[in-house]
Amino acid sequence: MTTTGQPQADCLFCKIVSGEVPATVVRETETTVAFRDINPQAPTHVLVIPKVHHRDAAALAAADPQIVADLLVEAGKVAADDKVDATGYRVVFNTGTGAGQTVFHAHAHVLGGRGLNWPPG
Ligand code: 5GP
Ligand code: ZN
């Protein structure tokens, strides 16, 4: 739950950034990594994460707003790469346990390839 920007030893996504935990990486930049969700909820379900550790999107935005922009640019590229940009896709930042956040390293879900109801559950 720490917002330091420093790698956290007990953080799963920091371990994916370092390569200690394997993932199916689809894109990488100087500041971000995008990889397929292990439990996909749609044909395209990719997580785009900052390489730096912050507990959620708001904390990341407060500390380094440029990296939030980087995440959204990458989310759009993931959608284009998976060819779901024309049909529509959703970018979600679950924030807090009540909203379903289970990994407390900021991440954007990119979901597409099927109909997406609104409002979401
Ligand atoms: P949250 O629930 O925090 O919004 O999203 C965390 C996401 O991380 C979940 O969709 C979950 O399926 C995914 N996830 C959890 N552990 C792993 C893992 O080890 N590898 C990958 N690729 N995804 C994971
Ligand atoms: Zn982390």
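This passage looks at two sites in a predicted model, one holding a zinc ion and the other holding ligand 1.

The zinc ion (ligand 2) is held by four residues: Cys-11 and Cys-14 each offer an SG atom, while His-53 and His-105 each offer ND1. These atoms sit 2.1 to 2.3 Å from the metal. Along the chain, the donors are spaced as C-x2-C-x38-H-x51-H. Cys-14 belongs to helix H1 (residues 12–18), whereas His-105 is found in the loop between strand S4 (89–92) and strand S5 (108–112), so this pair links parts of the chain that are 91 residues apart in sequence.

As for geometry, the angles between the four donor atoms run from 108 to 115°, and the arrangement is therefore tetrahedral. For four tetrahedral donors, the ideal angle is 109.5 degrees. Two of the zinc-binding residues can also be checked for exposure, with under 20% relative accessible area counting as buried. Cys-14 is buried because its relative accessibility is just 9%, and His-105 is buried too, at 0%.

Then there's ligand 1, which has 15 residues around it. Those that come nearest are Arg-36, Asp-37, Gly-100, Thr-102 and His-109. Arg-36 uses its backbone here: one of its N or O atoms lies 2.9 Å from a nitrogen atom of the ligand. With Asp-37, a side-chain N or O atom is 2.5 Å from an oxygen atom of ligand 1. The side chain of His-109 also places an N or O atom by a ligand oxygen, at 2.8 Å. On its own, ligand 1 has 520 Å² of accessible area, and the protein covers 83% of that.

Key:
Residues are numbered from 1 along each chain as its sequence is written. Chains are lettered from A and ligands numbered from 1 in the order in which they are written. This is a predicted model: local features need pLDDT of at least 70, side-chain atom pairs count only at pLDDT 80 or more; totals for chains, interfaces and linings use all residues. Side-chain values use heavy atoms; hydrogens and water are left out. Donors are N, O and S atoms within 2.8 Å of the metal (3.2 Å for Na, K and Ca); water is not among the atoms, so sites may look incomplete. Four donors count as tetrahedral if all angles lie between 85 and 135 degrees; four count as square planar and six as octahedral if opposite donors are over 155 degrees apart and all others between 65 and 115; anything else is irregular. Helices (H or I, at least four residues) and strands (E, at least two) are DSSP runs, numbered from the N terminus. Buried means under 20% relative accessible area, exposed over 50%, partly exposed in between (1.4 Å probe, protein chains only). A residue is near a molecule or strand if one of its heavy atoms lies within 4 Å of it. A polar contact is a pair of N or O atoms within 3.5 Å; within protein, one must be able to donate a hydrogen and the other to accept it, and residues adjacent in sequence count only if both atoms are side-chain atoms. Accessible areas come from the Shrake-Rupley method with a 1.4 Å probe; for residues, only the protein chains shown count as cover.
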